[in-house]
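Q: I would like a close look at a single part of this predicted model. Please treat the nonpolar interior in one connected account.

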Amino acid sequence: MRDSITIVLSGEAGQGLQTVEEFLVETLTQEAYVFSSKEVMSRVRGGNNSVEIRISDHPIQALRYTIDYLFLFNDHAFDRLSPRIKKDTVIYGEAPFLKSVPTKFKTKEVAFLDLAKQAGNRLYENTAMFGYIAGMIDASSDNAKALITKRFTKRGEDIVSGNIKAFDLGYALGLVDADRPKALKPLKFTPKRVMTGNDVLTLGAIAGGVNYVAAYPMSPGTSLMTMLEEKSRDVDILVEQAEDEIAALNMVIGAWYAGARALTTTSGGGFALMTEAVSLAGITESPAVVHVAQRPGPATGLPTRTEQADLNLVLYAGHGEFPRMILAPGRLEDGIEVMSRAFYMADKYQIPVFVLSDQYWLESMSQVEHLEFNPKYLESFVVKTERDYKRYAFDQSGISPRGIPGYGLGYVKVDSDEHDEEGMITESFTMRVDMHEKRLHKFELMKEDILEPLISGATEKEKLLLSWGSTYGVIEEALVTNPKWGYTHVHFTQVYPLPTSVEKLIRGAKSITVIENNATGQFANLIQMTYGIKVSRRILKYNGEPYHIDELVTILEEKQ
Amino acid sequence: MTKFEFNHDIDIAWCPGCGNFPLRNILIKALQELELDPTQVVFSSGIGQAAKMPQYVDASYFNGLHGRGMAVASAISAVNPKLTVIAEGGDGDMYGEGGNHLIHNIRRNPHLIHIVHNNMVYGLTKGQASPTSPIGLITPIQLDGVYNQPINPMALALAMGATFVGRGFSGDQEKTKELIKAAILHNGYAIVDIFHPCVTYNKVNTFAWYKSHTFWLDETYIKTDKLAAMKLALDEEKLACGILFQVEGKSYPQRHPFYKGDLTPLYLRKRDPKVIEKLINPTK
């Protein structure tokens, strides 16, 4: 585990935790490595939510369970976090807020509200706290003030100067806090951008040429739709809120049919409603890009929490047999590659492509230096039709060239029934077999286009640790800081179909551990089925939280 | 004129004497008389005997899932507003399984024609009650007769704010053809509910029954009067045919902020990699 400082802000929905988080992270990213994430209750106001900001002198993309500094925003913000408090954790807050903290813990009263009032308005309370924390960790006050100015300029000079005054008052107190941490700043550092998973997926979709979105709101899948609507001011994206998820995917398929590059976004429950249309994409050989943002089920489950338990759902959704592809971003920057590639693969192979993320990956803030995109992914595979065009022609390439209505002299006849080359309904058994084999043969063709796994860690490659999706960052940190364990980490960004390139590696391994954020080891099962091996150990977590670095290190250390 | 007709024989899956046959003739004639270019016409349908219509008209089509023809049609017309898009299916498909899409697409007012073959019974699944089956109709499932209130598609469409609401009867070919032509020329969503007999499964609502229960609105009828239209729609004894209601309204491309008057299909709007670079790395 990296040396780090973990600061947690705890309060109610609507108290401004996120504003303080954004200020801190934006300031810190000018001078240190930082990662942050929030955990919220499924309610618009009240309850108890918290934000964790973790700071290090080395790159990190993981949370820590134990808290160094806890800031309480009200009198019922402590209880739920008490298991994360250790002996030297310092708990900050107004005097009344600290009353709920057992006396065995170390508390420190800070009158943030008084500081705000001194600065001229009680509304500056969060800015005073931001100043205090910035002072404690010796963040650059210049950077912080520049941010404040930028944020409040629109609201007038008085608001800017009031907030800066509140910041200064807090900062001065934080600087002299006897419990402030030792400086934890990298010796060499270039300022970085902080982004969320949602930010990069949005950009990835644009880089994949998205121009049509139909979706029905469901957390945590909604943000992608919201952000693409915002971006539709800069690029051509037609966003339509569908009446339900059934409509959403049917509309996406209809949009591709008419020449769009279309996306829908949802979570497990919404995706369950889309499964019939997934099958429709299968037989009509329609491209579709479906973002499934996982949260814990079954049914409504834990709406605002995280899990990786919808792999099986996405893998097996839809009746009948047909090819599909599943991609899951691990590193933040993978979001661009995965989402833009999804459009390209959907278009090239005329298949549904799923991007599988989760609440934790989407809503965490982490750092990037430079993002890249591949312009190749904008390529369109649509052909101009001739008068005798047949949508389902048996083509030498193995893939029937896809025309769209209105572009060329031909007609584009698409049917959900089994059909002949022209698209007319058929009940011929031989045609059925030919068409079915043509569709399934795309599995073979897709093998040329696999997104290869990320392999790191020990070079002996005998003791493998396999993972997919959002667990990448926490596993990397655990292994990089514990090379003695001798693990080789194989992280799959393409979850299905799995690459044949690592078949030898997996079959030759002495032990295989799979880490997942679910209860049954869905990915471990897929690995076993694909490579014909037995997974030695499954590390699973399914309480609705992501893995914490200290927790994972302990789990791995126990059985070495 | 042979446009929309095949230059070879086709195998049609309807029962002999089915009301879908005259409907097919009416539809093809309407398309021909409007001199539409078949490459610019797209059908979208779901499942059922009526939903097979696109198979028998030579133009582009997307024959998708039961009840979802309207959802697909709505997206097609949004993505390429220059196409003539026709969503077509039966009463079970469009009013039952597809009920939610019906309601919400009337709200969207997409530029498309919605043709519903209404024979008040399920055909392809062999004679069960449909959402428009009259109370008392005996079916293999409703052995003592239908007991649920039938849906009133005309009244529903009017209540939802549809700007073109029409009803036809396959037995009155000339008038129904003119009705379909008017629907195609309408800006925005146009629903055309067409009565027609199911000779195999509906022994109550026969050709003769429709003939005696329907009448056509004449030139004196003022089709912009919504209350008058609603009164006609709610009369279940004497069933009015023709354009019950038609007004000008803003269609989806005129409402959605995306278009701004530009109806260029999406496939012709290319994305500039430089714009992507600027969004992805804004500081550069």
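Which residues have the most contacts inside the largest nonpolar core, and how many residues does that core have?

A: In this predicted model, the largest nonpolar core has 236 residues, and Val252(A) and Ile76(B) are those with the most contacts inside it. The element that gives the most to this core is helix α9 of chain A (residues 245-257), with 10 residues. A second core, separate from the largest, has five residues, among them Val121(B), Tyr122(B), Cys198(B) and Tyr201(B). In soluble globular proteins, nonpolar side chains tend to be buried together.

Leaving aside residues up to four places away in sequence, Ile76(B) touches Gly254(A), Tyr257(A) and Ala258(A) in chain A. In chain B, Ile76(B) touches Val42(B), Ser44(B), Phe62(B), Leu83(B) and Val85(B).

The setting of Ile76(B) is chain B, which contains 10 helices and eight strands. Of the 284 residues in chain B, 50% are buried. Among contacts in chain B with a separation of 6 or more, 69% are between residues 24 or more positions apart. The C-alpha trace of chain B spans about 75 × 45 × 40 Å along its principal axes. A compact globule of 284 residues would have a radius of gyration near 19 Å, so the 20 Å of chain B agrees with that expectation.

Chain A also offers a helix with buried residues: in α14(A) these are Met435(A), Arg439(A) and Lys442(A). They pack against α12 (334-349) of chain A. Helix α14 of chain A (residues 429-446) has 18 residues and, at 1.5 Å a residue, should span 26 Å; its end C-alpha atoms are 26 Å apart, which agrees.

How values were computed. Residues numbered from 1 in each chain as written. Chains lettered and ligands numbered in written order. Predicted model: local features only at pLDDT ≥ 70, side-chain atom pairs only at ≥ 80, totals over all residues. Helix = DSSP H or I, 4+ residues; strand = E, 2+ residues; numbered from the N terminus. Expected span 1.5 Å × (residues − 1). Buried ≥ 20, exposed ≤ 12 C-beta atoms within 10 Å, placed from the backbone. Contact = placed C-beta atoms within 7 Å. Rg over C-alpha atoms; globule rule 2.2 N^0.38 Å. Core = buried A, V, L, I, M, F, W, Y, C linked by C-beta atoms within 7 Å.
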